[in-house]
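Thank you all for coming; I would like to take you through one structure this morning, moving from its open and enclosed spaces to its aromatic residues and a few details of the backbone. Please have the sequence and the model in front of you as I speak.

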Amino acid sequence: MRTIGVVTVARSDYGIYRPVLRALAAHEDVHLQLHVGGMHLLERFGWTVEEIERDGYPIAERIDFLLPDDSPQAVAESIGRGVTGFAKAFARSRPDLLVVLGDRCEMLAAVAAAVPLGIPLAHVHGGELTEGAIDDAIRHAITKLSHLHFVATEQYAARVRRLGEEGWRVVVSGAPALDALSGFRPLDAVELRERFGFSPDERTLLVTFHPETLEPDRTEAHALEVLAAVRGSGLGAVFTYPNADQGHLQVAAVFEEAAVSDERYRIVRSFGSEAYFSVLSRVGAMVGNSSSGIIEAPSFRLPVVNVGSRQQGRTRAANVIDVEAERTAIAAGIDRATDPAFRRSLNRLVNPYGDGHAAERIVEVLTTVPLDNRLLCKRFEDADV
């Protein structure tokens with residue numbers, strides 16, 4: 001039996017993992033173990049470890065390492081604490097393969113801990129670009145430290161190969177989050193109201209905004225510009241809590257104050273995957289800079305006003321309207337996104353991030369790849385791609 005570990009550090013990666021976790025848990029030759037840390041273990045982010053517990057997946061270790069401060073120094077110190085915590089966890093559990101995802105600094109801590117222990121790493125969602133955030137550099141660093149790569153598109157596969165990764169290590173799997181949409185039944189208005197105290201509709205904006213970590217001194221100003229444009233639209237809004245990036249407390253404070261002072265607004269610390277997708281299926285448009293607006297929203301043919309540079313460089317579908325982080329530009333984007341004619345233009349939109357079968361491609365490789373010296377000892381491949 002092959003022991004496959006999965007590192008999850010936030011609500012965002014856990015929602016993406018879920019189809020892969022279901023397939024791994026159902027595989028008779030796999031012993032699955034989750035290493036849970038980061039935002040999952042903090043109340044201010046919704047204590048999302050409880051979602052994992054409800055799903056029933058085995059939690060091998062809980063690694064609590066994030067400091068309460070969100071300054072650049074605190075983020076760096078949290079990475080160091082994470083390396084120590086993950087190193088101890090992996091030394092105890094010794095997975096045969098370790099699955100990691102994305103581009104967050106918390107995930108980098110897990111990867112850095114695994115490398116000296118000789119644990120092969122399988123990276124999901126490499127090869128992408130987010131030029132407005134430090135995540136961009138972290139993602140490429142994780143790629144170079146990993147041994148298998150499950151990417152969402154052919155373009156991203158080519159980029160990973162240009163980083164010197166051997167072609168046999170790179171699999172175009174598609175985005176695993178899209179697998180969860182097969183047969184998906186959105187929660188109805190009554191269910192959403194029972195869980196969250198409100199029910200969004202086409203007169204509601206979903207606002208999901210995170211700090212642009214390469215411009216930390218402008219974080220609060222950017223959040224205020226977003227809020228001003230949302231207020232000017234006259235629409236209701238549901239704000240999601242930002243990720244644990246440097247400056248996230250400033251963003252949260254802006255949106256929390258708006259939710260307290262205006263009955264049209266709500267702020268939710270964590271929806272969970274099912275409810276989040278349900279909200280995507282009901283609202284009039286999304287506003288912010290979340291990767292979910294780029295990757296998942298096209299499957300709902302949902303208009304997205306993508307603010308600023310955080311997602312700059314990612315492949316976009318026609319539902320995405322890019323605007324500067326300035327209230328007039330954001331307001332114009334909201335006007336266009338909520339125009340019924342624009343929504344109708346998306347009726348035949350095809351999501352460029354996959355066909356909903358990513359998990360089976362990923363699990364096939366994870367369960368069959370030989371765990372030998374060829375996997376662990378990487379060559380830099382100079383061939384043209």
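In this predicted model, helix H2 gives the most residues to the lining of the largest pocket, four in number. That pocket has a volume of about 290 Å³, and of the 16 residues that line it, the closest to its centre are Glu-51, Arg-54, Arg-195, Phe-271 and Gly-272. The elements that give two or more residues to this lining are H2, helix H7, which spans residues 189-196, and H10. If we sort the lining of the largest pocket by class, we have four nonpolar, five polar and seven charged residues.

Let me stay with Glu-51 for a moment, which is found in helix H2. Is Glu-51 buried or exposed? Its relative accessibility is 10%, and because the limit for buried is under 20%, Glu-51 counts as buried. Leaving aside the neighbours within four places in sequence, Glu-51 is in contact with Tyr-14, Arg-18, Gly-272 and Ser-273. As for Glu-194, this residue and Glu-51 are 143 residues apart in sequence, and their C-alpha atoms are 17 Å apart in space.

From the pocket I turn to the enclosed spaces. A search of the whole structure finds four cavities of 30 Å³ or more, and the largest cavity has a volume of about 730 Å³. There are 39 residues lining this largest cavity, and the closest to its centre are Ser-12, Asp-13, Ile-16, Ser-290 and Ser-291. Two or more residues of the lining come from each of H1, H5, helix H10 (273-280) and helix H11 (291-295), and H1 gives the most, with five residues. By class, the lining of the largest cavity has 10 nonpolar, 17 polar and 12 charged residues.

Next, the aromatic residues. How many aromatic pairs does a search of the whole structure find? The search finds 10, and I will describe two of them, beginning with Phe-45 and Tyr-241, whose ring centres are 5.6 Å apart and whose planes stand at 80°, so that the pair is edge-to-face. This pair links distant parts of the chain, since Phe-45 is in the loop between strand S2 (30-37) and helix H2 (49-55), while Tyr-241 is in the loop between strand S9 (236-240) and helix H9 (248-261), 196 residues apart. Both partners are covered: Phe-45 is buried, with a relative accessible area of 2%, and Tyr-241 is buried as well, at 4%.

The second pair is Phe-86 and Phe-90, with ring centres 5.6 Å apart and planes at 25°, so this pair is stacked. These two phenylalanines are four residues apart in helix H3 (residues 72-93), and therefore about one helical turn separates them. Phe-86 and Phe-90 are both buried, and together with Phe-65 they form one aromatic cluster.

Charged groups also meet rings in this model. Arg-269 lies over the face of Tyr-241, at 4.6 Å from the ring centre, and the charged end of Arg-374 sits over the ring of Trp-168, 3.9 Å from its centre.

Helix H4, residues 105-114, is mostly covered, with nine of its 10 residues buried; among them are Cys-105, Glu-106, Met-107 and Leu-108. What covers the buried residues of H4 includes three helices, H1 (11-26), H3 and H5 (135-145), as well as strands S1 (2-8), S4 (97-101) and S5 (121-124).

I will finish with two backbone details. Trp-47, although it is not a glycine, has a positive phi of about 50°, and it is found in the loop between S2 and H2. At 34% relative accessibility, Trp-47 counts as partly exposed. The other residue is His-125, also not a glycine, which has a positive phi of about 75° and lies in the loop between S5 and H5. His-125 is buried, with a relative accessible area of 6%, whereas Trp-47 is partly exposed.

Terms used
Residues numbered from 1 in each chain as written. Predicted model: local features only at pLDDT ≥ 70, side-chain atom pairs only at ≥ 80, totals over all residues. Heavy atoms only, no water. Phe/Tyr/Trp six-rings, centres within 6.5 Å; stacked < 30°, edge-to-face > 60°. Buried < 20%, exposed > 50% of the residue type's maximum accessible area, 1.4 Å probe, protein only. Lys NZ or Arg CZ within 6 Å of the ring centre and 35° of its normal. Contact = heavy atoms within 4.5 Å. 1 Å grid on protein atoms, 1.4 Å probe; cavity = no way out; pocket = protein on both sides within 12 Å on 5 of 7 lines; lining within 4 Å. Points joined across faces, edges and corners; volume = space filled by probe spheres on them. Nonpolar A, V, L, I, M, F, W, Y, C, P; charged D, E, K, R; others polar.
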